[in-house]
Amino acid sequence: MRILVAEDDRRIADSLGTALSSAGFAAEYARDGEDAWFRGDTEAFDAVILDLGLPTLDGLTILKRWRRAGRNVPVLILTARGQWNERVEGIESGADDYVVKPFRMEEVVARVRAIVRRAAGFASSQIEIGELVLDTRMRQVSRAGIPISLTPQEYRLLAFMAHQGGRVVSQLEIAEHLYTENFEGGSNAVEVLIGRLRKRLGADIIATRRGFGYILGGADR
C-alpha cells in the first residue's frame, strides 16, 4: 500500500522509505509542506507520515486543511522531543498517532501498520477472511492452515484488498494504491497480478465484478 512520507530531512525520509519498503509498503516522498498538502489532497494514499516541522507549510496546518476538506487518510505525525503541546494539538486536529524524534524505524513501521489496520476496522494484526489468514506483522499468508509464499507485489495486492472491508475495488484504485508514481508497467499490470494471485491462493479467492472491479472472496459475476 502507498504511504506518503512528508519529511524534509532527506536522511530520515530515505531511511523511512527503506524501512517501509522492507515491510511491504510503497513509499512516496514530499520534501516541503506545500507539496505534501497538494499530494495528500489530490492523490490516493493508505497513510501519511507527516513531520510537523516542514518548510513552506507546517504539518499542523496541512493536517487541519486535510480534515476540513474531508480527507480521512490515516496520519502519523513526527514531532521533536519535548514538544508535548504539538503532539496534543496534532491529535486534537485529527492525527491518528504520533512518534517523537529520534525514533526507531521499527516503531514507525509498527505504528503505520496499526493506523492502517484500525482505519479498515481491524484490531488485530491477523486478518481472517474465510479460510484465508493474513498476518500483517509477519507478512505471512495461509489458507486453510497451509502457508502460501507470495512475492512482495502479490502480498501488497492481497493486503490492500484485505483492508477494503469486502467492497469492490477498480483496477485504477488498485494501481493508485499499489504502485509508486514512477511505475512503468503496462496498462494490464493489475490484471496480470490478479491472475498470479489467483493461481497461488485459488481461483475463487478474488472475484470479478464485471464493469466495476474486483472483490476478495465470492463468485465471479
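**Exercise 1. Which residue in β4 is the bridge partner of valine 48?**

Solution. This is a predicted model. Start with the two strands. β3 and strand β4, residues 75-80, pair in the parallel sense. Four bridges support that pairing. Now look up valine 48: its bridge partner in β4 is valine 75.

**Exercise 2. Place β3 and β4 in their sheet and name the edge strands.**

Solution. Step one: read the strand order. Five strands form an open sheet, ordered β2-β1-β3-β4-β5, with parallel pairing. Step two: find the edges. β2 (26-30) and β5 (97-101) are the edge strands, since each pairs on one side only. Step three: take the twist. From one strand to the next, the twist averages 20 degrees.

**Exercise 3. Describe how helix α5 sits against the sheet.**

Solution. Step one: locate the helix. α5 covers residues 105-119 and packs on the sheet. Step two: list the strands it touches. These are β1 (2-6), β3, β4 and β5. Step three: compare directions. The direction of α5 makes about 170 degrees with that of β5. On a scale that runs from 0 to 180 degrees between N-to-C directions, that value describes the α5 and β5 pair.

**Exercise 4. Characterise the surroundings of the residue that UniProt lists for "modified residue: 4-aspartylphosphate".**

Solution. Step one: identify the residue. The UniProt record, an unreviewed entry, lists Asp51 for this feature. Step two: assign the element. Aspartate 51 is found in strand β3, residues 47-51. Step three: decide between buried and exposed. The cut-off for buried is under 20% relative accessible area. Aspartate 51 has 6%, so this residue is buried. Step four: collect its contacts. Leave aside neighbours within four places in sequence; aspartate 51 then contacts Ala6, Glu7, Asp8, Gly59, Leu78 and Lys101.

**Exercise 5. Judge the overall fold against a compact globule.**

Solution. Step one: count the elements. The protein has eight helices and 11 strands. Step two: test the radius of gyration. A compact globule of 221 residues would have a value near 17 Å; the protein has 18 Å, which agrees. Step three: check the extent. The C-alpha trace spans about 50 × 35 × 30 Å along its principal axes. Step four: check burial. Buried residues make up 48% of the 221 residues. Step five: check the contact range. Take contacts between residues at least 6 apart in sequence; 54% of them join residues at least 24 apart. Step six: inspect the surface. The protein exposes about 10,800 Å², and carbon and sulfur atoms supply 49% of it.

Methods
Residues numbered from 1 in each chain as written. Predicted model: local features only at pLDDT ≥ 70, side-chain atom pairs only at ≥ 80, totals over all residues. Heavy atoms only, no water. UniProt positions renumbered as here; feature names shortened; annotations may be inferred. Buried < 20%, exposed > 50% of the residue type's maximum accessible area, 1.4 Å probe, protein only. Contact = heavy atoms within 4.5 Å. Pairing = 2+ DSSP bridges. Rg over C-alpha atoms; globule rule 2.2 N^0.38 Å. Areas by Shrake-Rupley, 256 points an atom, 1.4 Å probe, with all protein chains shown as cover.
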